[in-house]
Amino acid sequence: KTVANKVIVNTDLKEGTVNRNLYGHFSEHLGRCIYEGIWVGEDSPIPNTNGIRNDVVASLKKLNIPVLRWPGGCFADEYHWKDGIGPRESRKRMINTHWGGVIENNHFGTHEFLMLCEMLECEPYISGNVGSGTVQEMSEWVEYMTSGGVSPMADLRKQNGREKPWHIKYFGVGNENWGCGGNMRPEYYADLYRQYQTYVRNYEDNRIYKIACGPNGADYRWMETLMKEAHTKMDAISLHYYTVPGSFWDGKGAATGFPENEWHLTMKKALYMEELITKHSAIMDQYDPDKRVGLIVDEWGTWFDVEPGTNPGFLYQQNTIRDALVAGITLHIFQEHCDRVQMANLAQIVNVLQSVILTEGEKMLLTPTYHLFDLFKVHQDAARLHTHSISQDYEGESGSIPQISASATEDGQGRIHVSLCNVSHQDGAEVEIELRGLENKTLSITGTGLSADVIDAHNTFEQPDNVKPAPFQSFTREGSAIKAKLAPMSVVLLEIAAE
Ligand code: AHR
């Protein structure tokens, strides 16, 4: 069945810029994200550059990753950065107590992470340790990375082979300090935040953008307290929200082979991000009406049960067309709130949760979520165009949600990109896209789509191209309107050049 929908794009109404950092990623010392997924070591038979996998870096580079968060997550508040510098063979070996109880040999530390960022040409975003670290430790880490002058930490860095300081912009003062980062009350963390951030110094021309630990989902009291007590001392505050069709305690739901009703539920739960951002922004507006403080969703994505037979502490899950749709509608929400949301980091980049890449030994595959990020990268740093969507309802056991989600931007060359998601798992959608303001123009339009025939279509190491983008031609043009026919559970990106 095919039903009607309309998207109006006011091409002359630019409403802010889509910060490229909305397309950010997150890498934690968790499972096979860092070790195996990124770092294999210089002696590995897997082709690498200074220990970092070539295949993974080459694929990630194509995504134009703007920013990468590290070393956690929960790991960050147990991480002592001095364990991860100096000759690798003499670095401390320890148990990664939070994630799977495996050995952490500290071979991937500050130098290795910043080398990865240089390879990816992305900004590093470092998460500091508040939960189990000291003010001095955090302060010295910043000094080690960014001080070029006379200083003990700069000397130590030089001894370890790096003469010039790095430029570090994004620095998080703790992670989930309401939970794994110390189980703190917001009042207590707000005071600690004020204290710790004091010693996160700007050396020479380096300017740190300080990010406070924000709420877990709908914890509005946390946001209220942090904004009240500390908004003048932060550049941004984080928000964490994961899409879990079931529950964290009684089974989250399977990544593949899930029942049909879980498709709708997953979309509904992903769309909850809209309410979270709206309500948190309203609180922020009271203290910061000029929107100086950014909201940074530095952990988001799907969280399913781990793949059967894998270490439960490794959070390894497959990735299907459902994940791609979740990414599409979530990125649309971020784009529509680009006045307040300044960064977002999908959890996590390789082999953990909603990854863009999965690896197994020397094999590697690109997930449907990778392809979604590849399609949407044209929105990075583009001007958001005012868009109004009129959508049919998509009914499910848990109620009704809009079937269509859309967002439009104009890039630096004047090209317009309209991305559309049809979240229905069974109905196609006719969408009329009215490009107001382009009535008398000659338009050249190209389309790319991502779709699948089954609700859990995914890529495997044996069949890595099951789900991949293809040219999209199911559209006609009538004046300045485009009529597109979207397949069930599909994403379409239209590029429109007007003369
Ligand atoms: O991304 C996995 C974990 O989820 C992170 O370590 C933590 O911050 C969050 O609870």
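A residue counts as buried when its relative accessible area is under 20%, and as exposed when that area is over 50%, with partly exposed in between. By that rule Y23 is buried, and so is F373. The structure is a predicted model, and these two residues return below.

The barrel comes first. Its wall is made of 8 strands, which close in the order 2-5-8-9-10-11-12-13 with parallel pairing. From one strand to the next the twist averages 25°. Strands of a sheet pair through backbone hydrogen bonds, either parallel or antiparallel. One step in the barrel can be followed residue by residue: strand 10 (residues 209–212) runs parallel to strand 11 (residues 236–243), and 2 bridges join them. Here I211 stands opposite A236 of strand 11.

Helices lie across these strands. Helix 3 (residues 135–146) crosses strand 5 (67–70), strand 8 (123–128) and strand 9 (170–173), and runs at about 160° to strand 8. Helix 8 (residues 321–336) lies across strand 11, strand 12 (294–302) and strand 13 (341–347), at about 170° to strand 12.

The largest nonpolar core holds 118 residues, and W300, F334 and F373 have the most contacts inside it. Helix 8 gives the most to this core, with 9 residues. Leaving aside neighbours within four places in sequence, F373 is in contact with Y23, H25, L63, W300, A327, L331, L346 and V356. Another core, of 23 residues, lies apart from this one and includes V7, L385, L435 and I445.

Aromatic rings come next. The model has 21 aromatic pairs. In the pair of Y23 and F373, the ring centres are 5.8 Å apart and the planes stand at 80°, so the pair is edge-to-face. Because Y23 lies in the loop between strand 1 (2–17) and strand 2 (24–26) and F373 in helix 9 (residues 368–376), the pair ties together parts that are 350 residues apart in sequence.

F248 and W303 form another pair, with centres 4.9 Å apart and planes at 85°, so this pair is also edge-to-face. F248 is in the loop between strand 11 and helix 7 (260–287), and W303 is in the loop between strand 12 and helix 8, 55 residues apart. F248 has a relative accessible area of 35% and is therefore partly exposed, while W303, at 13%, is buried.

One aromatic cluster is formed by W39, W70, F75, Y79, W81, F108, F113, W141, Y144 and F171. Charged groups also meet rings: the charged end of R69 sits over the ring of F26, 4.6 Å from its centre, and that of R322 over the ring of F258, 3.5 Å from its centre.

Conventions:
Residues are numbered from 1 along each chain as its sequence is written. This is a predicted model: local features need pLDDT of at least 70, side-chain atom pairs count only at pLDDT 80 or more; totals for chains, interfaces and linings use all residues. Side-chain values use heavy atoms; hydrogens and water are left out. Two strands pair if DSSP finds at least two bridges between them. Helices (H or I, at least four residues) and strands (E, at least two) are DSSP runs, numbered from the N terminus. Axes are lines fitted to C-alpha atoms, for helices over the stretch in contact, and angles run from 0 to 180 degrees between N-to-C directions. Contact means heavy atoms within 4.5 Å. A nonpolar core is a set of buried Ala, Val, Leu, Ile, Met, Phe, Trp, Tyr and Cys residues joined through side-chain atoms within 4.5 Å. Buried means under 20% relative accessible area, exposed over 50%, partly exposed in between (1.4 Å probe, protein chains only). Rings of Phe, Tyr and Trp (its six-membered ring) pair if their centres lie within 6.5 Å; planes under 30 degrees apart count as stacked, over 60 as edge-to-face and the rest as tilted. A charge sits over a ring if NZ of Lys or CZ of Arg is within 6 Å of the ring centre and within 35 degrees of the ring normal.
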